[in-house]
Every structure is written in structure tokens, then in C-alpha cells.
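Let's walk through this one together, going from the overall picture down to single residues. Keep the viewer open and follow along.

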Amino acid sequence: MEDEVDRLVAAWRRERPDLDVEPLEVLSRVSRLARHLDRARRLAFAEHQLEPWEFDVLTALRRAGTPYQLSPGQLLTQTLVTSGTMTNRIDRLAKKGLVERLPDPSDRRGVLVRLTPEGQDRADEALAGLLEQERAILAELSRTERTELAALLRQLTAPFDNIPG
């Protein structure tokens, strides 16, 4: 079965036979798949009245386990945004009743961000919707192929995810 990347690569090979365009065969597909995944994620989150960034913060708290709370600094590390952006996000989620700020008992100047019961429900429902969308995207692959693809992609992403600092 031919896809858009096959057509793109063939055109470049015709127009620029002097270049090795092989990387496009993998990375253009990864890029196109990322766009499709982004659309599927937005759809899954919209069904639960969440933006992607809201899902990221809520699920970071949900993954933390009981009592579903983290410091703003821990949330920064998990979501890769600036402290000003995180403050704004926490404010917006608190206004929606999805998180609450609590004093940090181990640091009088610090705060903890805790998932509310409504925030937990919304995160759980959106995750279930996301997984349904993602299963549909992967439906053409067997379990063995999905396992192999995950391992290959891990080889590409691990060096980026393990850069110190």
C-alpha cells in the first residue's frame, strides 16, 4: 500500500537524485503520524471539555498516586513548561475546580497542587477516550508489530529523554 510519503520520496528522488532522501521515509511518517495523533488527542480531550495542556497537568497529578498532589516544580519537570506558564495553568485549573492549592507542610513558603475528585474523574475519562483513539490508530498492526515499533521508537527517543539538565 502506497502512502503520501512514498509519493514525496519518489518526487525528491526524481528531482534531486544527488541527495539520499532515505531519512524522509521514516521521519516524514513519524511527523505525519504525530499530526494525526494530535488530532485524535484533541478530539478525545474535547469530548471531556479539556485542552491538551489541561490533560497533561491533570494526568501528571493522577499518575502521582494518592493523594494525587505534586509541587509546582514537580509539575514543571513533568510537563516541560516555564514556571510562569505553570502558574497560569494551575490558576485556570483551580478556577474550573479541577485542582486545588494546599500549603506544603514540609515548606512553609511552598504549595502543593492536588487533584480534586472532579479533576480525577475528568482525567480518568479523558484517558479512556484517548486510549480508544490510539487503539484505532494502531489497529492495522499486530501485537508483535506494536511491540517491535515501540522498541524501535524507544531507541530514537531515549537519547533525547535522557539528556542531563
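Take the contacts in the protein between residues at least 6 apart in sequence: 46% of them join residues at least 24 apart. Bear in mind as you look around that this is a predicted model.

Now for the overall dimensions. Along the principal axes, the C-alpha atoms fill a box of roughly 65 × 35 × 30 Å. The radius of gyration is 20 Å, where a compact globule of 165 residues would come out near 15 Å. As for burial, 25% of the 165 residues count as buried. The protein exposes about 11500 Å², and carbon and sulfur atoms supply 54% of that area.

What is the chain built from? The secondary structure comes to 7 helices and 3 strands. Reading from the N terminus, the order is α-α-α-β-α-α-β-β-α-α.

A good place to zoom in is a pair of helices. Two packed helices are described by the angle between their axes and the distance between the axes. Here, the axes of H3 (residues 52-63) and H6 (residues 117-137) come within 9 Å and cross at roughly 105 degrees. Angles of 65 to 115 degrees count as roughly perpendicular, so H3 is roughly perpendicular to H6. On the H3 side, the contact is made by Phe55, Leu58, Thr59 and Arg62, while H6 brings Gly119, Gln120, Ala123, Asp124, Ala126, Leu127 and Leu130. Sorted by class, that contact has 6 nonpolar, 3 polar and 2 charged residues.

Next, look at leucine 93, which lies in helix H5 (residues 83-95). Is leucine 93 buried or exposed? Its relative accessible area is 0%, so leucine 93 is buried. Leaving aside residues up to four places away in sequence, leucine 93 touches Trp53, Glu54, Val57, Leu58, Leu98 and Val99. Leu58 is a name you have already met, as one of the H3 residues in the contact with H6. For a sense of distance, the C-alpha atoms of leucine 93 and aspartate 38 are separated by 21 Å, with the two positions 55 residues apart along the chain.

Over in helix H2 you'll find serine 28. With a relative accessible area of 16%, serine 28 is buried too, because the cut-off is under 20%. Setting aside residues up to four places away in sequence, serine 28 touches Val5, Leu8 and Pro23.

Now follow the chain into the loop between helix H2 (22-46) and H3, where glutamate 47 sits. Glutamate 47 is partly exposed, at 48% relative accessible area. Its C-alpha is 32 Å from that of leucine 152, a residue 105 places away in sequence. The loop between H2 and H3 also holds glutamine 49. Phi of glutamine 49 is near 55 degrees, a positive value in a residue other than glycine. Glutamine 49 is exposed, with a relative accessible area of 53%.

Another positive phi turns up at leucine 80, near 60 degrees. Leucine 80 lies in the loop between helix H4 (72-79) and H5, and counts as exposed at 75% relative accessibility.

One last stop for backbone geometry: the peptide bond from threonine 66 to proline 67 is cis, with omega near 10 degrees. You'll find proline 67 in the loop between H3 and strand E1 (69-70).

Methods
Residues are numbered from 1 along each chain as its sequence is written. This is a predicted model: local features need pLDDT of at least 70, side-chain atom pairs count only at pLDDT 80 or more; totals for chains, interfaces and linings use all residues. Side-chain values use heavy atoms; hydrogens and water are left out. Axes are lines fitted to C-alpha atoms, for helices over the stretch in contact, and angles run from 0 to 180 degrees between N-to-C directions. Helices (H or I, at least four residues) and strands (E, at least two) are DSSP runs, numbered from the N terminus. Angles under 35 degrees count as roughly parallel, over 145 as roughly antiparallel, 65 to 115 as roughly perpendicular and the rest as oblique. Contact means heavy atoms within 4.5 Å. Ala, Val, Leu, Ile, Met, Phe, Trp, Tyr, Cys and Pro count as nonpolar, Asp, Glu, Lys and Arg as charged, and the others, Gly among them, as polar. The radius of gyration is taken over C-alpha atoms; the globule rule is 2.2 Å times the number of residues to the power 0.38. Buried means under 20% relative accessible area, exposed over 50%, partly exposed in between (1.4 Å probe, protein chains only). Accessible areas come from the Shrake-Rupley method with a 1.4 Å probe; for residues, only the protein chains shown count as cover.
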